[in-house]
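This briefing is intended for a reader who has the sequence and the coordinates at hand. Please consult the display below alongside the points that follow it.

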Amino acid sequence: MILTQYPDFAPITRHLRAMYSSRLLLAAVHHLHVFEYLQYGPLPVAELQRQTGLADRPASVLFPALCAMELLTRTADDKLALTAVGQHLTRSASPTITGYTGLEAGDPGVLDMTDRLRNDGPLHSTDGIAYVKEGEGPSPMDDPTLARTLTLALAGRAKALSPIVAANLPRHSGHLLDVAGGSGYFTYEWLLVNPEATATLFDREAVLTVADELLTAFSQSGRPGAETVRERVTFLPGDMLTDPLPETDLLLAASLFHDWPDDTCQLLADRFAGALRSGGELWVHDAFLNDTLDGPLPVTDYSAQLFWVTKGRCYSRAEYRKWFRQADLTTPDETIPTQMDYSLIRALKS
Ligand SMILES: C[S@@+](CC[C@H](N)C(=O)[O-])C[C@H]1O[C@@H](n2cnc3c(N)ncnc32)[C@H](O)[C@@H]1O
């Protein structure tokens with residue numbers, strides 16, 4: 001398999017996202033009292049949610065993270081329980097470590113995380129949520145300056161990952177629809193290895209302006225075939241939640257579902273299934289939680305980062321398979337790791 005010229009930047013992304021672990025841990029111990037509620041024995045997730053006052057999304061971010069930290073565990077009958085280490089995060093334990101962790105309990109990031117967990121999102125979001133355009137509300141992705149900043153912020157990641165994704169997507173002479181394609185690198189790299197194929201890059205207009213500039217640089221890179229890519233790309237501005245999507249053989253959803261809540265993910269899966277031709281394939285490039293919702297730690301950290309900045313979180317493959325089955329797609333049990341803790345999964349239209 002063709003690999004990228006770059007090393008795996010996972011050490012960078014893991015340490016970047018690890019900040020959110022600390023915030024989750026201290027919010028859980030000192031503000032939401034998760035460990036105190038569990039000190040008398042295991043509780044079903046729904047009961048722990050009731051006691052802590054957490055809605056589904058924050059609970060699905062916090063509890064898997066505490067499991068990944070090895071402070072909570074899932075029992076055979078699917079309850080949450082303290083581990084031997086976690087027991088020492090209760091005030092009555094001997095020794096208790098809560099005096100020591102308490103030194104950081106007032107950290108502004110911890111207090112903000114506590115508010116966001118309790119509120120299922122930021123207390124105030126008058127400017128909209130990063131990477132998300134929904135309904136008539138404002139979106140940074142429609143503001144030329146913010147859209148440029150956010151798109152360029154993701155462009156380096158896409159530049160590193162896109163050659164690996166392109167090498168693992170099917171070889172095809174048909175059409176690729178890259179929904180919410182951002183910088184466009186995933187499209188451009190795939191077209192480079194599929195010289196007969198065409199593609200549509202679908203995103204907000206202000207994002208596509210930036211993608212167009214990046215395509216100019218890509219086309220002039222001197223890489224063999226790069227000069228043919230522009231004539232094979234269509235830039236299509238729109239709203240993927242409401243606008244018609246063009247028919248396609250392959251559909252790429254890279255770092256897309258994780259920006260949205262569960263019901264919107266089902267809507268997107270249905271819409272993407274509708275855009276696929278018979279025999280078409282939906283490919284998802286994302287970071288996946290364990291189906292047991294107890295890790296892995298780099299993904300629970302990422303899930304917390306996404307919880308902080310978007311309307312979504314990381315999901316397990318089982319959660320994706322549920323949306324895809326509902327959309328009448330078949331879901332091969334296959335995962336292709338790329339880099340930075342991302343992987344590819346796919347769903348097929350018969
Ligand atoms: C996290 S970025 C992913 C970009 C790219 N796929 C990547 O992996 O680098 C999410 C993208 O979704 C786009 N987006 C958000 N809401 C959208 C909507 N309603 N319709 C179309 N695109 C949307 C944003 O503009 C942004 O470019």
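The points below cover helix packing, a sheet, the ligand surroundings and one residue. The model is predicted. In it, helix 1 packs with helix 6, and helix 4 packs on an open sheet of 3 strands.

**Helix 1 and helix 6**

- Helix 1 spans residues 10-30 and helix 6 spans residues 108-119; their axes lie 8 Å apart and make an angle of about 70 degrees.
- This angle makes helix 1 roughly perpendicular to helix 6, because values from 65 to 115 degrees count as roughly perpendicular.
- Helix 1 contributes Arg23, Leu24, Leu26 and Ala27 to the contact, while helix 6 contributes Gly109, Val110, Met113, Thr114 and Leu117.
- Sorted by class, the residues of this contact are 6 nonpolar, 2 polar and 1 charged.

**Helix 1 and helix 4**

- The axis of helix 1 also comes within 10 Å of that of helix 4 (residues 56-68), and the two cross at roughly 100 degrees.
- Helix 1 and helix 4 are therefore roughly perpendicular to each other.
- On the helix 1 side, Ser21, Leu24 and Ala28 meet Leu62, Ala65 and Leu66 of helix 4.
- The contact of helix 1 with helix 4 comprises 5 nonpolar residues, 1 polar residue and no charged residues.
- Leu24 of helix 1 takes part in the contact with helix 6 and in the contact with helix 4.

**The open sheet**

- The 3 strands are arranged in the order 1-3-2, with antiparallel pairing.
- Strand 1 (43-44) and strand 2 (72-74) are the edge strands, each pairing on one side only.
- Strand 2 and strand 3 (residues 79-82) run antiparallel and are joined by 3 bridges.
- Leucine 72 has leucine 82 of strand 3 as its bridge partner.
- Helix 4 packs on this sheet by touching strand 2 and strand 3, and its direction makes about 100 degrees with that of strand 2.

**Ligand surroundings**

- There are 20 residues around the ligand, of which Met141, Ala180, Gly182, Ala254 and Ser255 come nearest.
- The shell around the ligand is made up of 11 nonpolar, 4 polar and 5 charged residues.

**Threonine 200**

- Threonine 200 is located in strand 5 (residues 198-203).
- Because 21 other C-beta atoms lie within 10 Å, threonine 200 is buried; the cut-off for this class is 20 or more.
- Beyond its neighbours within four places in sequence, threonine 200 contacts Leu177, Thr234, Leu236 and Pro246.
- Leucine 251 is 51 residues from threonine 200 along the chain, and their C-alpha atoms are separated by 9.6 Å.

Note on methods
Residues numbered from 1 in each chain as written. Predicted model: local features only at pLDDT ≥ 70, side-chain atom pairs only at ≥ 80, totals over all residues. Axes fitted to C-alpha atoms, helices over the stretch in contact; angles between N-to-C directions. Helix = DSSP H or I, 4+ residues; strand = E, 2+ residues; numbered from the N terminus. Parallel < 35°, antiparallel > 145°, perpendicular 65-115°, else oblique. Contact = placed C-beta atoms within 7 Å. Nonpolar A, V, L, I, M, F, W, Y, C, P; charged D, E, K, R; others polar. Pairing = 2+ DSSP bridges. Near = placed C-beta within 6 Å. Buried ≥ 20, exposed ≤ 12 C-beta atoms within 10 Å, placed from the backbone.
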